[in-house]
Amino acid sequence: MFGRLRAWTRRHSKLVDALTVSPLALLSLATVETFTRSGSVGARDVGVPGLLLLSAALIVPLTWRREHPREVFAVVAVVSFVQWLLDVIVLPANIAVLVAVYGVASRCTLRWALAAGAVAEFGLLLAMLRWSNDAGQAWPSSSAFIVAVWIAGIYANTRRRYVESLVERAERAERERDQQARIAAAAERARIARELHDVVAHNVSVMVVQADGAGYALDGDPEQARRAMQAISATGRQALAEMRRLVGVLRQDAGSPAEEYAPQPGVAQLGDLIRQVRDSGLPTEFTVSGTARTLPEGEQLAVYRIVQEALTNALKHGGPGTRAWVEMTYGRGELELMISDDGRGAAAPRLVGGHGLIGMRERAAMYGGSVEAAPRTGGGFRVVARIPIGVAA
């Protein structure tokens with residue numbers, strides 16, 4: 001509600017400024033006859049119309065104090081000085097000087113705020129000298145109001161600038177966060193592309209070897225079979241070379257050759273991964289249900305990495321005494337992975353630069369799948385990944 005109210009006030013700032021000075025206008029209108037009858041010794045009587053005109057000249061400019069605080073203060077100060085020159089009695093509308101001083105102090109630099117405060121104090125001194133019987137005692141006590149309003153304006157200015165800096169910092173942090181997320185996604189895609197390159201390169205290499213062998217083993221029309229097998233071999237080699245040429249740029253900073261050409265893990269290695277996690281201090285249960293399917297190597301790698309990342313997060317953020325469960329379910333056309341733990345879950349501190357969930361979602365999305373990650377009811381964290389799979393070979 002307060003957010004909508006602030007938005008409305010920003011859209012109708014001129015109306016809000018007019019409403020805030022309306023009590024001063026009503027006070028001036030209600031007391032104009034009283035000030036006309038009472039007057040002041042030696043003060044000029046300008047009548048009700050003159051006092052109304054003077055009050056309007058002091059109050060109406062305050063409507064623009066937000067957009068033009070210095071100009072509004074200048075107008076109010078000049079009108080007050082003319083009032084002093086004409087020896088017109090001090091009115092309730094002269095409170096506009098304090099409002100204008102606050103506007104300058106709250107929206108301008110310290111130099112302008114000091115200048116506005118000095119002018120207001122000088123005007124008060126002139127008024128005390130003309131209309132007060134003891135200016136020496138009346139001026140210090142009356143100037144306290146100007147000083148208080150001036151300090152309030154300085155405080156409002158400092159707080160407004162501080163809030164603006166916080167908003168700017170939050171917006172910059174949000175932009176940097178989005179940029180880091182995009183960089184992390186791009187880096188993860190590059191890593192997936194490198195790993196996929198290894199998988200496809202292996203399959204194509206096997207195809208080439210088998211085609212070469214078949215070219216020498218077939219009977220019947222050996223020459224024609226040999227030409228066909230040679231064509232398969234040549235096509236495979238050409239595809240392999242083209243793929244390496246297109247994707248090879250991603251391998252420039254892949255690391256050491258031993259890491260680059262190491263066999264990629266799959267579903268068969270999940271048992272070893274679970275044992276490693278248990279040895280690291282995280283008791284983990286691993287269950288498989290449904291009819292097992294033969295998955296492509298790329299999907300097996302995605303399954304392995306998702307389980308590995310989810311268990312790593314549980315190990316790092318779960319806290320002491322945490323247990324984990326890994327459930328892999330083969331469904332009709334879908335493989336579901338559920339990795340859950342009973343650790344601290346959402347209460348664990350978020351580390352800057354962590355992009356594990358982004359990597360898991362990217363891997364699942366490559367094969368038309370999805371990843372959902374959220375705290376569990378009652379504590380802990382759960383990651384659910386669903387990856388479409390085909391019919392068993």
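This note covers the pairing of three strands and the lining of one pocket in a predicted model.

1. Strand β5, residues 381–388, has strand β3, residues 334–341, as an antiparallel partner, and eight bridges join the two. Within this pairing, L337 has A385 of β5 as its bridge partner, which gives a convenient place to begin when following the register in the model.

2. Strand β5 is also joined to strand β4, residues 370–375, by six bridges, and here again the two strands run antiparallel. For the register of this second pairing, S370 can be taken together with R386 of β5, its bridge partner.

3. The connection between β4 and β5 is a hairpin, with five residues lying between the two strands. In the turn of that hairpin, G378 has a positive phi of about 95 degrees.

4. Turning to the pockets, the second largest has a volume of about 720 Å³. Its lining consists of 29 residues, of which V97, A120, G123, L124 and A127 are the closest to the centre of the pocket.

5. Which helices each supply at least two residues of the lining of the second largest pocket? They are α4 (69–85), α5 (96–107), α6 (110–131) and α7 (135–217), and the largest share, nine residues, comes from α6.

6. As regards the chemical character of the lining of the second largest pocket, 23 residues are nonpolar and six are polar, while no charged residues are found there.

How values were computed
Residues numbered from 1 in each chain as written. Predicted model: local features only at pLDDT ≥ 70, side-chain atom pairs only at ≥ 80, totals over all residues. Heavy atoms only, no water. Pairing = 2+ DSSP bridges. Helix = DSSP H or I, 4+ residues; strand = E, 2+ residues; numbered from the N terminus. 1 Å grid on protein atoms, 1.4 Å probe; cavity = no way out; pocket = protein on both sides within 12 Å on 5 of 7 lines; lining within 4 Å. Points joined across faces, edges and corners; volume = space filled by probe spheres on them. Nonpolar A, V, L, I, M, F, W, Y, C, P; charged D, E, K, R; others polar.
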